[in-house]
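Dear colleague,

Please find below the structure that I am handing over to you. I would ask you to keep it open while reading the notes that come after it.

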Amino acid sequence: MRTLDLQKEAFSEKEKRNIEILGILRRQGPISRSDISQEMGINVVSITNYIDDFIKSNLVYEKELDVSEGGRRPVLLDLNPRAGYAIGVGLNLMNMVGLLVDLKGNIITKTQIARPQASVKDVSECLLEIVREILRRSKGYVENIRGIGVGIAGLINKKDGSIHWPQKMDHYYTYASVDIPLRGFMEKEFNLPILIENDATSACFGEHWFNLKENYKNVLYMFSGVGCGMIINGELYRGAQGYAGEVSVYNYKEQDLFGCETAKPCFIKRWDLDLGVVQDVKNILLKEEQKAAEFFRISSTNMESLDLKSIFHASRLKNPVALGALEKAAKRLGIKIAYLVNLLNPQIVIIGGGFEESGEEFLNMVRSTVGDWAFRESTNNLKIVYAQLRENAVAMGAASLVLEKVFAQL
């Protein structure tokens with residue numbers, strides 16, 4: 001297989017057909033040529049022409065014969081998972097995850113660190129170190145790694161790989177550009193093609209690529225409440241310049257005038273990544289000493305170390321402060337999802353980015369709120385679920401975007 005062009009956005013008809021056939025093999029293999037032909041509605045001669053190219057590229061192999069009801073038994077085909085590998089790195093609420101995966105999405109190597117809390121430069125350095133660590137652990141695979149996918153927050157410039165990163169200064173947000181050309185820097189150090197994608201978009205694609213058994217064509221992935229990934233009519237939607245999916249508006253000059261309570265018109269203002277849960281808990285604990293003592297006892301934290309993970313832990317122990325804060329956050333998120341459901345009418349909404357660790361009560365409250373606020377017609381048959389890839393979603397999605405290019409560019 002030739003060197004991948006990971007910056008190519010649009011696929012040709014032949015490349016789309018490659019992806020579709022190899023996707024069937026990935027999900028359903030071993031499978032016969034005639035079964036692929038029947039599923040796609042394309043004559044078996046055309047399918048065979050594609051399969052012959054895949055076999056020559058060592059991407060597909062023939063295996064044991066299927067049982068026949070008479071006549072010659074059909075040869076079964078399967079995807080060769082060792083024909084290529086991809087590295088995926090992703091940032092979520094809790095941590096940064098790095099993965100090496102094969103063509104079927106099996107995880108070969110995984111490494112992770114706690115989410116960096118500092119500047120985008122520090123996040124970028126952690127990202128580079130995770131890739132170095134994956135490569136150190138993957139010496140037997142290095143020659144066949146096809147590329148590196150990175151899922152990261154912010155607005156991604158598709159032309160040069162630069163990132164406009166939302167960074168809080170005092171109590172204002174600003175968007176800071178990465179001081180280094182991240183894609184070029186990574187390509188130079190690792191000598192591999194690099195794909196950089198927004199975290200929510202990456203996670204949305206990963207869930208759709210690996211985990212959604214139903215053939216959903218319209219998917220919304222909520223990365224907490226600050227961004228979303230979208231698949232519309234079966235295609236990943238990025239917008240005109242790749243910036244689609246930011247579900248908020250923000251004007252720092254109006255910040256202090258733009259206070260926001262549940263369901264007020266300002267509900268589209270920018271939120272903190274944790275939906276404000278940590279600050280809500282702190283506000284209660286600072287006011288009520290007895291509640292603070294109980295919370296810190298069961299969560300083994302203090303005011304300085306209080307984080308979302310400890311709040312999730314306290315909620316599982318039925319702590320009323322934690323439960324109240326998460327209920328409030330679920331209603332906030334549910335109203336925002338209801339707005340997007342009315343706008344986009346998806347078949348399924350996936351909640352990820354870290355809140356999939358918050359438990360079923362949070363999810364049920366989101367579902368109830370969406371039902372209360374969205375049009376009934378838009379919620380008929382709508383599924384609202386947690387991300388099944390959980391903490392791996394962004395990294396797996398970034399890797400799967402590389403694998404999609406492997407499938408396309410034969």
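The notes below go from the whole chain to its cores, one helix, one pocket and one residue.

Please bear in mind that this is a predicted model. The chain contains 13 helices and 16 strands. It has 410 residues, of which 52% are buried. Its exposed surface is about 19400 Å², and carbon and sulfur atoms supply 49% of that area. If one takes the contacts between residues at least 6 apart in sequence, 65% of them join residues at least 24 apart.

I turn next to the interior. In soluble globular proteins, nonpolar side chains tend to be buried together. The largest nonpolar core here has 55 residues, and the members that touch the most others are Ile21, Leu25 and Ile36. Helix 13, which covers residues 393–408, gives the most to this core, namely 11 residues. Apart from this core lies another one of 46 residues, including Val247, Trp271, Phe312 and Ala338.

Ile36 deserves a separate look. Leaving aside residues up to four places away in sequence, Ile36 touches Ile21, Ile24, Leu25, Ile31, Ile47, Ile51 and Leu77.

Helix 1 runs through residues 13–28. Does its length agree or disagree with what its 16 residues should span? At 1.5 Å a residue, the expected span is 22 Å, and the end C-alpha atoms are 22 Å apart, so the two agree. The buried residues of helix 1 include Glu15, Asn18, Ile19, Ile21 and Leu25.

Helix 1 also matters for the next topic, the second largest pocket, as it gives the largest share of the lining, 10 residues. This pocket has a volume of about 1100 Å³. It is lined by 35 residues, and those closest to its centre are Ile19, His208, Lys217, Gly234 and Glu404. At least two lining residues come from each of helix 1, helix 2 (33–40), helix 6 (199–210), strand 14 (235–237) and helix 13.

Lastly, consider Ser202, which lies in helix 6. Is Ser202 buried or exposed? Its relative accessible area is 0%, so Ser202 counts as buried, the cut-off being under 20%. Beyond residues up to four places away in sequence, Ser202 touches Val150, Gly151, Glu197, Ala393, Val394, Gly397, Ala398 and Leu401.

With kind regards

Definitions and conventions: Residues are numbered from 1 along each chain as its sequence is written. This is a predicted model: local features need pLDDT of at least 70, side-chain atom pairs count only at pLDDT 80 or more; totals for chains, interfaces and linings use all residues. Side-chain values use heavy atoms; hydrogens and water are left out. Helices (H or I, at least four residues) and strands (E, at least two) are DSSP runs, numbered from the N terminus. Buried means under 20% relative accessible area, exposed over 50%, partly exposed in between (1.4 Å probe, protein chains only). Contact means heavy atoms within 4.5 Å. Accessible areas come from the Shrake-Rupley method with a 1.4 Å probe; for residues, only the protein chains shown count as cover. A nonpolar core is a set of buried Ala, Val, Leu, Ile, Met, Phe, Trp, Tyr and Cys residues joined through side-chain atoms within 4.5 Å. The expected span of a helix is 1.5 Å times one less than its number of residues. On a 1 Å grid over the protein atoms alone, a cavity is a set of points where a 1.4 Å probe fits but cannot get out, and a pocket is an open set with protein on both sides within 12 Å along at least five of seven lines; lining residues have an atom within 4 Å of a point. Grid points are joined across faces, edges and corners, and a volume is the space filled by probe spheres set on the points.
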